[in-house]
Amino acid sequence: MKMNVWQQLVRCWRADAFSPRGFLLRALVIAGAFLAVHLAGLRDYTSVLNGTIGPAADWRTSSFLGIAYLVIYLAFVIVAPVLVLAAGILTVWQRWQNRKL
Amino acid sequence: MNFPGTTTILKGFENPMKHAKRILTGSVALVLAAAIWLPCLHLFFSRPASAFYAKEGLSPKARELGARQMQIWTDPQLREKELDRMRASNAEWDFMARSYLVWALANMGLRDPSSKPVCLQTMDRIIDETLHLEHEKGMYFFLMPYAKARPYLVQPARSLFLDGEIALMLASRRVLEDKPEYKAALTERVNLMVNGLRHNPHMALESYPDECWTFDHVVALTAIRMSDYLDGSDHTILIRDWVAMARKKLVHPESGLLVSSYETDGTPMIGPEGSSLWMVAYCLQLVDEDFARDQYERARHELGGSALGFSYAREWPDSWKGPADIDSGPIIPVLDISTGSSGMAFIGATAFGDDAFLASLNAMLDFAGFPSRKNGALKYCASNQVGDAVLFYAATLGPVWQKVKEGRKL
């Protein structure tokens with residue numbers, strides 16, 4: 001049975017989260033989310049961090065968008081690379097284990 | 001013998017074990033990966049201190065920050081937008097953004113003579129508009145609303161916050177290139193401040209009703225010192241007396257740091273705060289070098305912090321805690337990082353030649369300040385115009401102080 005890209009992604013997502021593929025997929029999702037919020041110009045809303053309202057007129061929207069950008073950015077620079085490295089470490093470990101067997 | 005369902009039960013027993021093993025190995029891989037990545041993260045943001053601050057000429061970052069600040073004063077729409085956003089939170093920021101930019105431009109003009117004409121033009125524009133607004137709308141236009149909550153003790157009401165910073169703007173402009181029209185304006189402010197300091201037994205002048213700020217006093221003393229350099233007056237005794245009073249009455253006993261604010265009778269209100277102290281130490285350089293160095297080293301020890309190759313500054317020492325406010329900015333828990341104090345720490349680090357601290361503060365800034373570059377202009381999205389003006393000042397400071405210290409007239 002042939003699967004389209006979406007079906008393949010869903011299948012990967014449902015696969016074991018603690019596998020190299022699971023880690024890589026989650027890193028990709030984080031990178032995609034960061035790309036989206038960055039291109040959407042949400043970086044400007046991080047001014048809420050110093051108490052200055054963002055480009056949106058109201059505080060609630062500015063705060064939500066600013067904090068969303070911050071969380072996704074931190075996930076991109078901290079969590080995503082850790083996931084990629086972990087995928088590499090796990091792959092090496094599994095290959096070594098398979099060779100032993 | 002096979003009982004019905006045994007295989008299924010064994011398989012069911014086996015699978016959770018395998019699953020648990022996968023989770024365990026996956027978790028170990030994640031921990032290992034984090035142990036590799038986190039200590040390396042700062043390497044992607046680290047630059048030498050010279051990328052932020054050059055001993056001579058302008059650093060790349062100073063040029064980019066300067067370009068953005070100039071843009072704000074040449075594009076009326078951009079300026080209105082930035083000022084509106086800042087004034088919605090704090091009218092003081094509008095005023096301080098002007099002050100820091102004028103002070104920075106004086107240094108920039110001395111560092112890069114080719115930029116002097118445009119620096120002078122921009123400085124004059126800012127000074128004239130600020131004086132006009134103060135005259136037209138009154139001093140409360142640049143103060144926070146609580147300034148009107150009760151009357152000033154000394155009448156007619158004046159705010160040292162405005163007088164000191166405006167005097168330093170005028171003096172900085174005149175150090176870069178003298179302008180006769182500003183001489184009278186500077187002398188008037190200096191005389192007001194000097195008379196006020198002499199008439200109070202504690203040498204305390206209000207910035208807000210019965211609220212005096214160490215920050216504003218050292219800025220005022222710096223302006224007075226520069227006026228001596230420019231116009232040949234001599235306020236050495238007044239300055240010496242203020243420093244003696246501060247050492248005696250304004251030092252927080254536990255930390256040895258200067259308190260931030262006090263009442264007109266000298267009673268401390270708010271203890272040492274990073275958002276004030278780094279600038280206080282820097283201004284003291286022009287007034288009392290030993291005291292300045294002492295305050296910087298104490299601030300560095302009590303407020304400076306570092307984690308994973310990134311540096312930051314706390315707002316309060318361990319021995320004194322205050323509430324987070326508009327000056328401290330939000331406090332990031334666990335490490336107690338203050339955005340306000342961390343930004344001002346750049347001034348201390350550059351002024352006292354603390355290159356290691358400066359380089360790692362700069363790494364933190366590029367990691368968590370969200371830089372945005374466009375056509376050679378740099379702004380930090382997590383900052384605002386006053387924050388960026390402070391950074392611009394930190395990246396250029398030095399030549400004006402040096403000139404005054406050496407006593408070289410134009």
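Let us start at B:Leu308, a residue in the loop between strand 4 (304-307) and strand 5 (310-313) of chain B. In this predicted model, B:Leu308 counts as partly exposed, because it has 13 C-beta neighbours inside 10 Å, and a residue would need 20 or more to be buried. The backbone here is worth a look too: B:Leu308 has a positive phi of about 55° although it is not a glycine.

B:Asp210 shows a similar backbone feature, with a positive phi of about 50°, and it is not a glycine either. You will find B:Asp210 in the loop that links helix 7 (180-199) to strand 1 (212-213) of chain B. With 17 other C-beta atoms within 10 Å, B:Asp210 is partly exposed.

Another backbone detail sits in a loop as well. The peptide bond joining B:Gln155 and B:Pro156 is cis, with omega about -5°. B:Pro156 belongs to the loop between helix 5 (116-137) and helix 6 (160-176) of chain B.

Now step back and take in chain B as a whole. Its secondary structure comes to 15 helices and 9 strands, and its C-alpha trace spans about 110 × 50 × 40 Å along the principal axes. Of the 410 residues in chain B, 47% count as buried. What share of contacts in chain B, among those between residues at least 6 apart in sequence, join residues at least 24 apart? The figure is 70%.

B:Asp355 gives you a pair of residues far apart along the chain to look up. The C-alpha atoms of B:Asp355 and B:Ala49 are separated by 5.6 Å, although the two residues are 306 residues apart along the chain. B:Asp355 itself is in helix 13 (residues 355-368) of chain B, and it counts as partly exposed, with 15 C-beta neighbours inside 10 Å.

From there, turn to the interior. The largest nonpolar core holds 120 residues, and the members that touch the most others are B:Tyr100, B:Ala167, B:Ile347 and B:Tyr393. Which helix gives the most to this core? That is helix 4 (residues 91-111) of chain B, with 13 residues. To see some of the contacts one by one, centre your view on B:Tyr393: leaving aside residues up to four places away in sequence, B:Tyr393 touches B:Tyr100, B:Trp103, B:Ala104 and B:Ile347. Apart from this core lies another, of 14 residues, and its members include A:Ala27, A:Leu85, A:Ala87 and B:Ala29.

Helix 4 of chain B also has a helical partner to visit. Helix 4 and helix 5 of chain B pack at an angle of about 155°, with their axes 9 Å apart. Angles over 145 degrees count as roughly antiparallel, so that is how helix 4 and helix 5 of chain B run relative to each other. Their crossing is left-handed. On the helix 4 side of chain B the contact includes B:Arg98, B:Leu101 and B:Val102, while helix 5 of chain B contributes residues including B:Lys116, B:Cys119 and B:Leu120. By class, this contact has 10 nonpolar, 3 polar and 2 charged residues.

Further along chain B, look at helix 10 (residues 274-284) and helix 11 (residues 289-303), which pack at an angle of about 155° with their axes 8 Å apart. These two helices of chain B are therefore roughly antiparallel to each other, and their crossing is left-handed. Among the residues that meet here are B:Leu277, B:Trp278 and B:Ala281 from helix 10 of chain B, and B:Phe291, B:Tyr296 and B:Leu303 from helix 11 of chain B. The contact of helix 10 with helix 11 of chain B has 10 nonpolar, 2 polar and no charged residues.

Chain A offers a helix pair of its own. Helix 2 (residues 20-39) and helix 3 (residues 59-100) of chain A pack at an angle of about 155°, with their axes 8 Å apart. Helix 2 and helix 3 of chain A are therefore roughly antiparallel, and they cross in a left-handed way. Their contact divides into 22 nonpolar, 1 polar and 1 charged residues.

Finally, see where the two chains come together. The contact takes 20 residues from chain A and 27 residues from chain B. On the chain A side that touches chain B, 11 residues are nonpolar, 6 are polar and 3 are charged.

Definitions and conventions. Residues numbered from 1 in each chain as written. Chains lettered and ligands numbered in written order. Predicted model: local features only at pLDDT ≥ 70, side-chain atom pairs only at ≥ 80, totals over all residues. Core = buried A, V, L, I, M, F, W, Y, C linked by C-beta atoms within 7 Å. Buried ≥ 20, exposed ≤ 12 C-beta atoms within 10 Å, placed from the backbone. Helix = DSSP H or I, 4+ residues; strand = E, 2+ residues; numbered from the N terminus. Contact = placed C-beta atoms within 7 Å. Axes fitted to C-alpha atoms, helices over the stretch in contact; angles between N-to-C directions. Parallel < 35°, antiparallel > 145°, perpendicular 65-115°, else oblique. Left-handed = near helix turned anticlockwise from the far one by under 90°. Nonpolar A, V, L, I, M, F, W, Y, C, P; charged D, E, K, R; others polar.
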